[in-house]
Amino acid sequence: MELLQTPAEAATRVGTRIESVETYALKVPLRKPMADATWVRPTWTVPVVEIRTDDGLVGTGCSGVHAGEELLCLAVQDYFAPMLLGRDPGDIRALWHELYWSDIHWVGRGGVVHMAQSMVDIALWDLAAQRARVPLWKFLGTHHSSLRSYNTDGGWLNRTVDELVAEMSELVEVGWDGVKMKVGKPDWREDVERVRAVREALPAHVALMCDVNQGWDLRTALRVLPYLEEAEVEWIEEPLHPDDVEGHARLAASTRTPIAVGESIYSREAFSQFIRARAVGVVQVDVTRVAGITEWLQVAAEASAHDLWVVPHCGDMMQVHQHLVAATFARKPAMIEYIPWTLDVYEEPCRVERGTVQLPPAPGASTRVRADARKRWQVSGVGGRVDV
Ligand code: MG
């Protein structure tokens with residue numbers, strides 16, 4: 001695209017204007033279908049928003065869903081876009097506040113509307129970093145220059161014990177020192193057997209995380225956790241229903257295994273309740289589920305103030321989170337989950353070598369979509385474009 005201004009002019013100009021807002025969605029096939037305690041899926045869908053400004057820049061925001069991509073795009077296009085056109089994209093926090101308290105606040109303080117707001121917010125931060133001509137992690141103020149990742153691209157419930165052990169061992173052989181497996185089989189004894197088999201097969205220094213995907217009730221969780229403690233599990237993720245703050249607090253008080261929650265928590269207020277109730281040890285705040293980078297930073301700040309570990313769930317498949325964790329104070333090791341389902345979508349895919357994230361050098365939030373990816377995977381009939 002031809003720039004209307006030189007980058008230097010764009011960088012010094014105060015007050016650009018949003019000229020158009022475009023949404024679409026990509027349905028990306030997965031290499032292997034997988035299952036956890038709640039679902040089985042062959043694809044992952046990436047809803048996208050592109051916000052164009054009168055200085056020729058394009059900010060891109062993305063999300064990640066199993067279903068409902070048309071709802072996210074619709075919320076952006078029909079409700080948020082009219083509020084954005086003609087506005088200065090640099091007024092990120094003012095716009096966040098206006099979108100949050102817009103007419104659809106009452107039908108979507110969490111879930112679809114909140115996730116749609118995240119797409120917009122990510123696009124605005126992408127624009128701001130592009131305008132400053134630095135990658136977002138530098139724009140936000142670098143804290144960590146290198147990040148570890150733990151691998152969650154395996155360990156699914158639909159694997160046999162032998163397949164599971166082989167899969168986890170292969171991940172360690174190619175360089176990861178942290179891996180995650182799903183638990184939540186109908187008979188909890190089977191979970192214990194699977195965890196023990198994997199733990200025995202892995203070297204002692206490798207961290208093993210377990211994810212229940214809300215599959216237990218408190219009674220089951222209290223029964224199983226002593227076994228997972230014995231297996232030195234690094235954390236237990238989403239053991240209970242994500243609204244059950246009290247249940248998580250009781251569980252946390254009963255075990256030395258840290259409780260991880262966040263992928264199903266949609267607001268800083270809800271995170272704050274978990275943190276104040278001592279119901280969470282690992283804060284997995286996901287930038288696509290809370291309303292964007294603006295809210296993510298607030299959750300991370302509160303977690304940091306309580307000396308909690310922030311290791312985000314990556315609904316964006318790492319693209320934005322690599323920037324955020326590199327710029328957060330939450331205690332070491334700085335880490336994100338490795339889940340490479342959409343690397344082929346982006347012009348600058350997240351690069352991970354032997355478990356270490358190579359932070360991206362290009363300006364922005366690493367969200368720009370490849371033209372050929374759009375051509376191959378765009379979902380017909382979803383999204384649209386609104387111009388000034
Ligand atoms: Mg999870």
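Two residues are said to be in contact when heavy atoms of theirs lie within 4.5 Å. With that in mind, this briefing describes a predicted model, beginning with the surroundings of Glu 50, a residue of strand E2, then turning to the magnesium ion, which has Asp 211, Glu 237 and Glu 263 as its protein donors, and ending with the packing of helix H11 against H3 and against H10.

**Glu 50 and its surroundings**

- Glu 50 is located in strand E2, which covers residues 40-53, and its relative accessibility is 9%.
- Because buried means under 20% relative accessible area, Glu 50, at 9%, counts as buried.
- When neighbours within four places in sequence are left aside, the residues in contact with Glu 50 are Ser 20, Val 21, Glu 22, Tyr 24, Val 58, Gly 59, Thr 60 and Arg 374.
- With one of these residues, Tyr 24, the side chain of Glu 50 also forms a polar contact of 2.6 Å.

**The magnesium ion**

- The protein donors of the magnesium ion are an OD atom of Asp 211 and OE atoms of Glu 237 and Glu 263, at 1.9 to 2.1 Å from the ion.
- Along the sequence, these donor residues follow the spacing D-x25-E-x25-E.
- Distant parts of the chain are linked by the pair Asp 211 and Glu 263, which are 52 residues apart: Asp 211 belongs to strand E6 (residues 207-211), while Glu 263 sits in the loop between strand E8 (259-261) and H10.
- Both Asp 211 and Glu 263 are buried.

**Helix H11 and helix H3**

- Helix H3 (residues 92-100) and helix H11 (residues 293-305) have axes that come within 10 Å and cross at roughly 100 degrees, which means that H3 is roughly perpendicular to H11.
- On the H3 side the contact is made by Ile 92, Arg 93 and Trp 96, and on the H11 side by Thr 294, Glu 295 and Leu 297.
- Sorted by class, the residues of this contact between H3 and H11 are 3 nonpolar, 1 polar and 2 charged.

**Helix H11 and helix H10**

- Helix H10 (residues 268-276) packs with H11 at an angle of about 10 degrees, the axes being 10 Å apart, and H10 is therefore roughly parallel to H11.
- H10 contributes Arg 268, Glu 269, Phe 271, Ser 272, Ile 275 and Arg 276 to the contact, and H11 contributes Glu 295, Gln 298, Val 299, Glu 302 and Ala 303.
- In the contact of H10 with H11, 4 residues are nonpolar, 2 are polar and 5 are charged.

Key: Residues numbered from 1 in each chain as written. Predicted model: local features only at pLDDT ≥ 70, side-chain atom pairs only at ≥ 80, totals over all residues. Heavy atoms only, no water. Axes fitted to C-alpha atoms, helices over the stretch in contact; angles between N-to-C directions. Helix = DSSP H or I, 4+ residues; strand = E, 2+ residues; numbered from the N terminus. Parallel < 35°, antiparallel > 145°, perpendicular 65-115°, else oblique. Nonpolar A, V, L, I, M, F, W, Y, C, P; charged D, E, K, R; others polar. Donors = N, O, S within 2.8 Å, 3.2 Å for Na, K, Ca; no water. Buried < 20%, exposed > 50% of the residue type's maximum accessible area, 1.4 Å probe, protein only. Polar contact = N/O pair within 3.5 Å; in protein donor to acceptor, adjacent residues only side chain to side chain.
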